[in-house]
Amino acid sequence: MQTCKLARLYELGGWPEYAERAAACSTNLKYWAMENGDMQLQWANFCHLRLCPICITRRAKKAAYQLSQVLDKVQVDHDGTMYLFLTLTVRNCPGDQLGDTIGQLTEAWHRLMMHRQIKRSVKGWYRAIEITRNKDDGTYHPHIHAILAVEPGYFAKKSGLYITQKEWVERWQM
């Protein structure tokens, strides 16, 4: 139903080719019957549109699986690696400023990652940008969720690697 709504919006917006793709998304699915009784998707006609609810869900599941594989490999190759979860935000913006705001957000991320202390402390990272919408005023809230890989001794204040929450906030505000 949501994909049909999306198709209608594309149609109203003057994007008939996108409307057609969205309307036809996942209307033909072929499965393999496995020996254990499970079904495995063999083929489907997905639209691959960025706003399609079906394709977004599939893309998110694929990204989560790939991230899980990478984190497992990091644990094998670098035993004891620890992770920090970091969320970085900016002020809400109207829809017509969303593209510019996301550009500023990603540029600020790159500047943050270039700080000497952060380069020393963070051995690797995964970053995803999420955008939520405030239903009350219609503004958008782009923000970054990041997983940072740090050495096992990161939390030992003597190590010189530890960055306090206050320091993260100060560096992000810069």
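Below are a few worked exercises on the predicted model shown above.

Residues are numbered from 1 along each chain as its sequence is written. Because the model is predicted, local features need pLDDT of at least 70 and side-chain atom pairs count only at pLDDT 80 or more, while totals for chains, interfaces and linings use all residues; side-chain values use heavy atoms, with hydrogens and water left out.

**Exercise 1. The strands around strand 5**

Task: Find which strands pair with strand 5, and in what sense.

Solution:
- Start with the terms. Strands (E, at least two residues) and helices (H or I, at least four) are DSSP runs numbered from the N terminus, and two strands pair if DSSP finds at least two bridges between them.
- Take strand 4 (residues 122–133). Its pairing with strand 5 (residues 140–150) is antiparallel and runs over eleven bridges.
- Pick out partners across this pair. G124 stands opposite A149, and A128 has H145 as its bridge partner.
- Look at the connection. The hairpin of strand 4 and strand 5 has six residues between the strands, and G138 takes a positive phi near 75° there.
- Now take strand 3 (residues 82–89). This strand also pairs with strand 5 in the antiparallel sense, over eight bridges, and L86 has A146 as its bridge partner.
- Finish with the cover. Eight of the eleven residues of strand 5 are buried (under 20% relative accessible area; exposed is over 50%, partly exposed in between, with a 1.4 Å probe and protein chains only).

**Exercise 2. The setting of S121**

Task: Is S121 buried or exposed, and what does its side chain meet?

Solution:
- Place the residue: S121 belongs to helix 5 (residues 116–121).
- Check the accessibility: S121 has a relative value of 0%, so it counts as buried.
- Look for a polar partner: the side chains of S121 and Q117 make a polar contact at 2.9 Å. Such a contact is a pair of N or O atoms within 3.5 Å; within protein, one must be able to donate a hydrogen and the other to accept it, and residues adjacent in sequence count only if both atoms are side-chain atoms.
- List the neighbours beyond four places in sequence: S121 is in contact (heavy atoms within 4.5 Å) with A149, V150, Y154, L161 and I163.

**Exercise 3. Salt bridges along the helices**

Task: How many salt bridges are there, and how are the partners of E11, D77 and E107 spaced along their helices?

Solution:
- Apply the rule: a side-chain nitrogen of Lys or Arg lies within 4 Å of a carboxyl oxygen of Asp or Glu. The count comes to five salt bridges.
- Helix 1 (residues 2–12): E11 and R8 form a salt bridge with the closest N and O atoms 2.8 Å apart. These two are three residues apart, so about one helical turn separates them. R8 is partly exposed because its relative accessibility is 43%.
- Helix 3 (residues 53–77): D77 bridges to K73 at 3.1 Å between the closest N and O atoms. Being four residues apart, D77 and K73 are also about one helical turn from each other. Both ends are partly exposed, D77 at 44% and K73 at 48%.
- Helix 4 (residues 98–113): E107 and R111 meet in a salt bridge at 3.8 Å, N to O. Four residues lie from one to the other, about one helical turn. E107 is partly exposed at 42%, as is R111 at 45%.

**Exercise 4. M113 and L51**

Task: Which of these two residues is buried and which is exposed?

Solution:
- M113 lies in helix 4 and counts as buried because its relative accessibility is 10%.
- M113 and W125 are twelve residues apart in sequence, with their C-alpha atoms 9.6 Å apart. Beyond four places in sequence, M113 touches I118, K119 and W125.
- L51 sits in the loop between strand 2 and helix 3. At 54% relative accessibility, L51 counts as exposed.
- Neighbours within four places aside, L51 is in contact with L6, Y10 and I56. The C-alpha atoms of L51 and L84 are separated by 30 Å, with their positions 33 residues apart along the chain.
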